[in-house]
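Got your viewer open? Load the model and get ready to click through it stop by stop.

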Amino acid sequence: MKKIIGLLFIAALLTGCAMNLVTGRKQLSLVPESELQLMAVGQYNTFLKENKVLNPAYSSDAAMVDRVGARIANAIKKYYDSHGKAAVLKGYTWEFNTVESKDANAWCMPGGKVVVYSGILPITLNEAGLAIVMGHEIAHSIAKHGNERMSQGMVQQMGGVALQVALSQKPQQTQDLFMTSYGIGSQVGAMLPWSRQQETEADKYGLIFAAMAGYDPREAVLFWKRMAAVGGSKPPEFLSTHPADETRIKNLNKFMPEAMTYYTAK
Ligand SMILES: [Zn+2]
């Protein structure tokens, strides 16, 4: 019996691998994206209720976040539609919100639910810097990195049960896993850093997305240097999930020539 369960489990893992349309990499994907998007709507609305959301009609920062978000979302939609990959953005209904917070953080839930914390704006410094951060987070989302982490967590913590089963049996643990998988809020305990491979992919596609939207991708190197400089003894939350180190700068410089081919200043 144990053997059969073991075999079934391995079969589930094998069939649970999917080729990502953005990166072309095979990744573990045990949870249907549509279910994650549904869960994201609930978690996103709860987060917005519990935090102070800045109104773009009165806050130029929030208006800038909206503007950058819309430009990136439009650029990638045009790109993937024209390359026969409309499925990349299946189920995406973008929402961009800015919350007032001392924390330097930003994230994108499945389905395009984005939050930028005002505490990151002194480090992004200008609109192109913000586009680098938002492009990076959006890249994590559409490269399905959160799904990959959620799937790994479901295997490690819950023996690979279906999301609906996990939600009904262990609702809190499942929601906490969702939050840590997407880099949201440290109230649920230790933040999981993204893997090096996920970071490299998010950097590469983030640069390209910012460039497509008319933002200078070269701002990325300057942004990450500023982020590294505010590290110190109490580093920003963003750094605990996105380490700013030399490998990142090296990779950014490696990807820059390709990103520049997508860039026309607007
Ligand atoms: Zn990242």
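We'll visit a metal site, then a pocket.

A word on the ground rules: this is a predicted model, where local features need pLDDT of at least 70 and side-chain atom pairs count only at pLDDT 80 or more, while totals for chains, interfaces and linings use all residues. Residues are numbered from 1 along each chain as its sequence is written, and side-chain values use heavy atoms, with hydrogens and water left out.

**Stop one: the zinc ion.** Select His 136, His 140, Glu 199 and His 242, whose donor atoms lie 2.0 to 2.8 Å from the zinc ion. Donors here are N, O and S atoms within 2.8 Å of the metal (3.2 Å for Na, K and Ca); water is not among the atoms, so sites may look incomplete. Along the sequence, the donor residues follow the spacing H-x3-H-x58-E-x42-H. Now colour His 136 in helix H5 and His 242 in the loop between helices H11 and H12: they sit 106 residues apart. Helices are DSSP runs of H or I, at least four residues, and strands are runs of E, at least two, numbered from the N terminus.

Is His 136 buried or exposed? His 136 counts as buried because its relative accessibility is 3%, and buried means under 20% relative accessible area with a 1.4 Å probe, protein chains only. His 242 is buried too, at 1%.

**Stop two: the largest pocket.** Select Asn 20, Ser 29, Glu 33, Ala 87 and Lys 144, the residues nearest its centre among the 21 that line it. A pocket is an open set of points on a 1 Å grid over the protein atoms alone, where a 1.4 Å probe fits, with protein on both sides within 12 Å along at least five of seven lines; lining residues have an atom within 4 Å of a point. Finish on helix H2, which gives the most to this lining, with three residues.

Note on methods: Buried < 20%, exposed > 50% of the residue type's maximum accessible area, 1.4 Å probe, protein only.
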